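Subject: Structure for your files

Hello,

Here is the structure I said I would pass on. My notes on it follow below.

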Amino acid sequence: MAQRLRVRYAKRGRLRFTSHRDISRAVERAVRRADVPVAFSAGFSPHPRISYVGAAAPTGVASEAEYLEIGVTRECDPDRFRAALDTSLPHGLDVLDVVEAGAGSLADRLECSAWEIRLPEADPALARVAVERFVTTERVEVERLTKKGPRRFDAREAVLSLEVIEGTETTAGQASSQPCVILRMVVRHATPAVRPDDVLTGLRLVADFAPPVPPEVTRLAQGPLDVRTGKPADPFDLDRDSTRGGETEPVGQYVGGDL
């Protein structure tokens, strides 16, 4: 393995309903189509050196900040690699950024996530009351069914911030006049992981607030906690080549040639 590349990708639209296993299969096929010189493990059953970093967004949840690492057998230009891989992936799995891996573990940098929860037809006044009660409550115990059975845990401690934003519904890119409550929150990664649905359960417990229709959830970012802003910082900052400036350019069509 001559180089490790770190990839940030998005899961959008209908692809949010794709399982993590199907996404990993799609990535492996895209790597072959893009002619990426991927490294393989040794042994009787070699597999491509592709590792997914951090907890994957749950099935049904969109994300703008999923991460993986790929080991390659020769050095590749990150920009050309990004274009080639993005072109080979299905629409809705979009490669946003690629950097050469530097020192340190990427997983250790993913300390928190920023989430957006859209609640169409929800009452903004009730949402504000529920959020206020949630943030002022010291402990909010919720129960989740796990592989080992029901488990109770505190959903409040990991929530670093939670706010209500009023908006309107959007369908196929067209805004409507229907009200839509938007919750924005930053959640520290913990064990067990506190997910957006756990926070919604907590809002129901403390204020009997429940969305009238299924919520639309998107992970906006994840990374190290920036104590100045209270939000995730870019986990690639330590890896970026200063000569490139770290700017993400629009992805163009891959036309061949060495990566």
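The count of disulfides comes to 0. Please keep in mind throughout that this is a predicted model. The criterion behind that count is a pair of cysteine sulfur atoms within 2.5 Å, and by this rule none is found. Two cysteines can still be placed by their surroundings. Cys-76 has a relative accessibility of 6% and therefore counts as buried, the limit being under 20%. Cys-180 is buried too, because its relative accessible area is 3%.

Next, the aromatic rings. A search of the whole structure gives 1 aromatic pair. Its members are Tyr-67 and Phe-236, which meet edge-to-face, with 5.3 Å from centre to centre and 80 degrees between the planes. The arrangement is called edge-to-face because the angle is over 60 degrees. The pair links distant parts of the chain, as the two residues are 169 residues apart. Tyr-67 belongs to strand β3 (residues 62-72), whereas Phe-236 is in the segment after β12 (231-232).

Which of the two is buried or exposed? Tyr-67 has 4% relative accessibility, so it counts as buried. Phe-236 has 1% relative accessibility and so counts as buried as well.

The strand that carries Tyr-67 deserves a paragraph of its own. β3 is mostly covered, with 10 of its 11 residues buried. Its pairings are as follows:

- Strand β1 (residues 3-11) runs antiparallel to β3, and 8 bridges join them. Arg-4 has Gly-71 in β3 as its bridge partner.
- Strand β2 (residues 50-53) is also antiparallel to β3, over 4 bridges. Here Ile-50 stands opposite Ile-70 of β3.
- Strand β10 (residues 216-223) runs parallel to β3, and 2 bridges join them. Ser-63 has Arg-219 in β10 as its bridge partner.

From β10 the pairing can be followed one step further. Strand β5 (residues 112-120) pairs with β10 in the antiparallel sense over 7 bridges. One of the contacts there sets Ser-113 against its bridge partner Gln-222 in β10. β10 thus pairs with β3 in the parallel sense and with β5 in the antiparallel sense.

To recap: there are 0 disulfides by the rule used, there is 1 aromatic pair, and the strand holding Tyr-67 is mostly covered.

Regards

Note on methods. Residues are numbered from 1 along each chain as its sequence is written. This is a predicted model: local features need pLDDT of at least 70, side-chain atom pairs count only at pLDDT 80 or more; totals for chains, interfaces and linings use all residues. Side-chain values use heavy atoms; hydrogens and water are left out. Rings of Phe, Tyr and Trp (its six-membered ring) pair if their centres lie within 6.5 Å; planes under 30 degrees apart count as stacked, over 60 as edge-to-face and the rest as tilted. Buried means under 20% relative accessible area, exposed over 50%, partly exposed in between (1.4 Å probe, protein chains only). Two strands pair if DSSP finds at least two bridges between them.
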